[in-house]
Amino acid sequence: MPEPYPGESLLSWVDALAGLNRISRLQALRYATFIRPGSSVYRPSVRFVAHLPTEVMARVEFTTGLSAGQLRRITLMHYADGVLPSAPSSTHRRTIAMWLHRLQLAQPIRSRACPACLRENGGRWLLRWRLIWSFACVRHRVYLLSACRGCGGGLHQVLPGPGSSVVCGQTDWHRPGYVCQRSIWRMRPPWLSDAHLLECQRRLDDLVDHPHRPGSKDILRTLHLALEDISGGYDLAPSLPDTDAVLYRRWHGHGGALSYLDDPLLTAALIKIATVGGLAASQEVCPQVDMASWSTDGFPRTTDVSPVNQFGGTCRAIACLAWVPPGQGVVVHTEDGPLVLCPTHVDQATSASHRSVPPPVAEAFSPRHAVTR
């Protein structure tokens, strides 16, 4: 039995088990009893990377020696109530699947990847590559890949047959018997030269690697609101600031479909706009964005200063379409999360934040205003 690699995913560990014992992935799943012995089920749910039921963990613990805590740490439930919101009370696999689908924060079916990292660690896939917050590799200064360079299929999917950590293994339904044997390790991802995005990824990695540290949840939730704001109303957001050419090509080629869940380049472009967009050339980016506070408290507070707007977005006041650049406007905390308001609505935000009972959201601002318009 291989030892879990620090930060790796459940499927990666299964592949390591298969490679160590020179068996297929499906055999490894059966021998480790992820599939109940004698069951007619051909394979586990494609979403088993997200969550293992209690009875499965008990069975696998008895077979492999991995504790329930170790097994939980290599599934997406490791991030629940931290980087990801609290999981639903029901742990049925369909409930978990719907929960993840609504969040639009994690991809349990496929993974992003840095081929250089896979070459160095022997093919161990990191769990955080399945989160939208991983768009680049800081170590190798490249953007992550999310699709095979050969067939275009998603990387590291749960397949019953030839799937592995080394080759793509996707089948082409239009070509019977064809299996893509493109080496994932040899794929070449785009280079990352944007120093600002490199620092953003470094801070995001720190937050994700400490998912339950105080402040991480608020920071990532606010950034996610900004990304949703831009993707839902990109025609009202600022243009993409100066960055790598590959991002310009991706941004101008999206055709109005801003689905960044499985697209690291589009995620990087949205983060660039959220953290820099709207700032004039004469303004200092670093003081406005204040990335140093991402790792401690997302909303610094003093007696005289309002919470800081770290990520740009459209003003959440009803019928207001003003773009609020990072470091400007105000942030007001509500039951639905932190919302950004433009300077015109400062008085509105101040009066709302000092009420003992929060007013209905519709009275002053709408948390989904920018997304649903």
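This is a short talk through some aromatic pairs, buried threonines, cysteines and a pocket in one protein model.

Okay, hi everyone. One thing up front: what you have on screen is a predicted model.

Let's start with the overall picture. The protein has 373 residues, and 53% of them are buried. On the secondary structure side, we have 14 helices and six strands. As for how the chain folds back on itself, take the contacts with a separation of 6 or more: 63% of those are between residues 24 or more positions apart.

Now, the aromatics. How many aromatic pairs does the structure hold? There are three. One of them is W13 with F34, and that pair is edge-to-face, with 6.4 Å centre to centre and 70° between the planes. If you trace the chain, W13 sits in helix 1, residues 10–21, while F34 is in the loop between helix 2 (25–31) and helix 3 (54–64). That puts the two 21 residues apart, so to speak a link between distant parts of the chain. W13 and F34 are both buried.

Then there's W125 with W129. Why do we call that pair edge-to-face? The ring centres are 6.0 Å apart and the planes stand at 85°, and edge-to-face takes an angle over 60, so the pair qualifies. Both tryptophans are buried too: W125 has a relative accessible area of 0%, and W129 comes in at 3%. Back at the W13 end, ring pairs tie W13, F34 and F48 into a cluster.

Keep W13 in mind, and let's go to T64. This threonine is in helix 3. Is T64 buried or exposed? It's buried, because its relative accessible area is 11% and the cut-off is under 20%. Its side chain has two backbone partners I'd like to point out. The backbone oxygen of V60 is reached at 2.7 Å, and the backbone nitrogen of L66 at 3.2 Å. Setting aside neighbours within four places in sequence, T64 is in contact with M1, W13 and A32. And there is W13 again, the residue that pairs with F34.

Another threonine to look at is T33, in the loop between helix 2 and helix 3. T33 counts as buried, at 9% relative accessibility. What does T33 touch, once you leave out residues up to four places away in sequence? The answer is R59, V60 and T63. With T63 there's a side-chain to side-chain polar contact of 3.1 Å. And if you like C-alpha distances, T33 and F62 are 9.2 Å apart in space with their positions 29 residues apart in sequence.

While we're around helix 3, have a look at the second largest pocket. It holds about 450 Å³ of space. There are 19 lining residues, and the closest to the pocket centre are F34, S45, P53, V56 and R93. So to speak, F34 turns up twice: in the aromatic cluster and in this lining. Which helix gives the most to the lining of this pocket? That's helix 3, with three residues. Helix 5 (93–103), like helix 3, supplies at least two.

On to V83, in the loop between helix 4 (68–73) and helix 5. V83 is buried, with a relative accessible area of 6%. Apart from neighbours within four places in sequence, V83 is in contact with L131, W133, L207, V208, P211 and L220. There's also a C-alpha to C-alpha separation of 9.0 Å between V83 and D218, 135 residues apart along the chain.

Last topic, the cysteines. A disulfide is a covalent bond between two cysteine sulfurs. How many disulfides does the structure hold? Zero. So why no bond at C137? The closest cysteine sulfur, in C117, is 3.6 Å away, and a disulfide needs the sulfurs within 2.5 Å, so that is too far. For C180 the closest cysteine sulfur is in C148, at 3.7 Å, which is again too far for a bond. Both of these cysteines are buried: C137 at 8% relative accessibility, C180 at 2%.

That's the tour, thanks.

How values were computed. Residues are numbered from 1 along each chain as its sequence is written. This is a predicted model: local features need pLDDT of at least 70, side-chain atom pairs count only at pLDDT 80 or more; totals for chains, interfaces and linings use all residues. Side-chain values use heavy atoms; hydrogens and water are left out. Rings of Phe, Tyr and Trp (its six-membered ring) pair if their centres lie within 6.5 Å; planes under 30 degrees apart count as stacked, over 60 as edge-to-face and the rest as tilted. Helices (H or I, at least four residues) and strands (E, at least two) are DSSP runs, numbered from the N terminus. Buried means under 20% relative accessible area, exposed over 50%, partly exposed in between (1.4 Å probe, protein chains only). A polar contact is a pair of N or O atoms within 3.5 Å; within protein, one must be able to donate a hydrogen and the other to accept it, and residues adjacent in sequence count only if both atoms are side-chain atoms. Contact means heavy atoms within 4.5 Å. On a 1 Å grid over the protein atoms alone, a cavity is a set of points where a 1.4 Å probe fits but cannot get out, and a pocket is an open set with protein on both sides within 12 Å along at least five of seven lines; lining residues have an atom within 4 Å of a point. Grid points are joined across faces, edges and corners, and a volume is the space filled by probe spheres set on the points.
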